[in-house]
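Here is a note for a colleague who is starting to read protein models, set out as numbered points. Please keep the sequence and the structure in view while going through them.

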Amino acid sequence: MARNNNIIVPEARTALDQLKLEIANELGIENYDSIDKGNLTSRENGYVGGHMVKKLVEDAQKEIAKK
């Protein structure tokens, strides 16, 4: 199954990569940027992505509430 993980706003890549590392560290996964993701369980990889989405949605809701 092919996935489309293209970033719609390329300028956001650095911030998203930084967020991914911060989330992984919060979840106790150290050196996330340098480890082979294939050695992590699906659950571990899913937690990182899921927590990223949760954080982005929370930030968007806060931004919308300001308006």
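1. A word on terms comes first: helices and strands are DSSP runs, a helix having at least four residues and a strand at least two, and they are numbered from the N terminus. With that in hand, Asn31 can be placed in the loop between H1 and H2. Please bear in mind throughout that this is a predicted model.

2. On the overall picture, the protein has two helices and zero strands. Its C-alpha atoms fill a box of roughly 45 × 30 × 20 Å when the box is taken along the principal axes. Of the 67 residues of the protein, 12% count as buried.

3. How do the two helices meet? In general, two packed helices are described by the angle between their axes and the distance between the axes. Here helix H1, residues 13-26, packs with helix H2, residues 42-66, at an angle of about 115°, and the axes lie 9 Å apart. The crossing in which H1 passes H2 is right-handed. From H1, the contact is made by Leu16, Leu19, Lys20, Ile23 and Ala24, while H2 brings Val48, His51, Met52, Lys55 and Leu56. Sorted by character, the residues of this contact divide into seven nonpolar, one polar and two charged.

4. Looking at H1 by itself, the helix has 14 residues and reaches 20 Å from its first C-alpha to its last, which is close to the 20 Å expected at 1.5 Å a residue. Which residues of H1 are buried? They are Leu19, Ile23 and Ala24, and because they cover an arc of only 135° around the axis, they are on the same side of H1. It helps to recall that an α-helix has 3.6 residues a turn, so residues three or four places apart point the same way. The buried residues of H1 pack against H2.

5. Ala24 deserves a paragraph of its own. Ala24 has its place in helix H1, and it counts as buried because its relative accessible area is 0%, whereas the cut-off for buried is under 20%. Leaving aside neighbours within four places in sequence, Ala24 is in contact with Ile29, Tyr32 and Val48. Ala24 and Glu44 are 20 residues apart in sequence, and their C-alpha atoms are 8.9 Å apart in space.

6. Two backbone angles outside the helices are worth checking. H1 is followed by Gly28, whose phi is positive, near 85°. Asn31, in the loop between H1 and H2, has a phi near 55°, which is a positive value in a residue other than glycine. As background, most residues other than glycine have a negative phi.

7. Turning to H2, is Ile64 buried or exposed? Ile64 has its place in helix H2, and it counts as exposed because its relative accessible area is 61%, the cut-off for exposed being over 50%. Ile64 and Leu19 are 45 residues apart in sequence and 20 Å apart in space, taken from C-alpha to C-alpha.

8. Two acidic positions in H2 can be read side by side. Glu58 is in helix H2 and is partly exposed, with a relative accessible area of 32%; between Glu58 and Tyr47 there are 16 Å in space, C-alpha to C-alpha, at a separation of 11 residues in sequence. Asp59 is also found in helix H2, and its relative accessibility of 33% makes it count as partly exposed. The C-alpha atoms of Asp59 and Glu11 are separated by 18 Å, the two residues being 48 apart along the chain.

Terms used
Residues numbered from 1 in each chain as written. Predicted model: local features only at pLDDT ≥ 70, side-chain atom pairs only at ≥ 80, totals over all residues. Heavy atoms only, no water. Axes fitted to C-alpha atoms, helices over the stretch in contact; angles between N-to-C directions. Left-handed = near helix turned anticlockwise from the far one by under 90°. Contact = heavy atoms within 4.5 Å. Nonpolar A, V, L, I, M, F, W, Y, C, P; charged D, E, K, R; others polar. Expected span 1.5 Å × (residues − 1). Buried < 20%, exposed > 50% of the residue type's maximum accessible area, 1.4 Å probe, protein only. Arc of directions from axis to C-beta.
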